[in-house]
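Please open the structure in your viewer and keep the selection panel at hand. The tour goes from one selection to the next, with a short note at each stop.

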Amino acid sequence: MATKKNCGKFQLSKRDDWETPLDLWRQIAAFLPPKSRIWQPFYYNGSCKAYMEQLGHQVVHEEQDFFSSQPPPGYLLCDNPPFSKRRAILRHLVVTLDISFILIVPMSTLATAYFHDLVAHANSSQAFKVIIPHRRMRFGNARSDPPFACVWLAYKCPFLAPPCQQLLFI
Ligand SMILES: C[S@@+](CC[C@H](N)C(=O)[O-])C[C@H]1O[C@@H](n2cnc3c(N)ncnc32)[C@H](O)[C@@H]1O
């Protein structure tokens with residue numbers, strides 16, 4: 001299996017290196033069943049595993065290339081992906097793997113043609129849910145935070161809310 005440092009045709013970009021802080025994990029953990037099994041395939045410094053374990057979840061988080069990794073069976077992908085690759089990541093998750101996930105994405109992702117294509121591909125208007133924080137997400141680096149809003153985008157997560165409720169505000 002390819003490591004993240006040698007991840008096939010995908011270049012790594014420093015711009016994608018953001019640590020997700022504990023308060024954001026706490027935000028999404030409030031929606032997860034207790035003691036969930038969580039897969040976090042996007043590796044930066046390993047802190048996201050420690051944070052989710054602190055919140056009572058069991059985590060798989062290894063420094064391997066996401067695109068050549070097999071999802072651990074029975075685990076829910078819940079992570080902050082490299083935004084520069086979000087189009088390929090979303091396509092891989094919905095079209096190739098068709099597995100449940102919750103990802104942080106820039107809010108603008110929802111207005112892209114490729115996201116609309118994925119909604120059509122999923123063939124159910126209930127497949128996607130969006131959790132919209134009332135405050136802009138901030139990340140843990142010393143560098144400035146992104147100048148755009150982010151949301152939690154969920155796919156095939158029936159535990160999130162009643163089926164009719166696709167927009168959740170927190
Ligand atoms: C926004 S950071 C989030 C890191 C961590 N999951 C967190 O939440 O703190 C996304 C990370 O994914 C890594 N990454 C980029 N391409 C990847 C790939 N193909 N497979 C696994 N990780 C990748 C980047 O190097 C980057 O550090």
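In what order do the 7 strands of the open sheet stand? They follow the order 2-1-3-4-6-5-7, and their pairing is mixed; here strands are DSSP runs of E with at least two residues, helices are runs of H or I with at least four, both numbered from the N terminus, and two strands pair if DSSP finds at least two bridges between them. Select strand 2 (58-60) and strand 7 (167-169), which stand at the edges with a single partner strand each, so one side of each has no neighbour in the sheet.

Before going on, note that this is a predicted model, in which local features need pLDDT of at least 70 and side-chain atom pairs count only at pLDDT 80 or more, while totals for chains, interfaces and linings use all residues. Residues are numbered from 1 along each chain as its sequence is written.

Next, add strand 1 (residues 37-39), which pairs with strand 2 in the parallel sense over 3 bridges, and find W39, whose bridge partner in strand 2 is V60.

Now select helix 1 (residues 22-29) and colour L24, W25 and I28, its buried residues (buried means that 20 or more other C-beta atoms, placed from the backbone, lie within 10 Å of a residue's own). Looking down the axis of helix 1, you will find these buried residues within an arc of 100 degrees, so they line one face of the helix, the arc being that of the directions from the helix axis to the C-beta atoms.

How values were computed:
A residue is buried if 20 or more other C-beta atoms lie within 10 Å of its own, exposed if 12 or fewer, and partly exposed in between; C-beta atoms are placed from the backbone.
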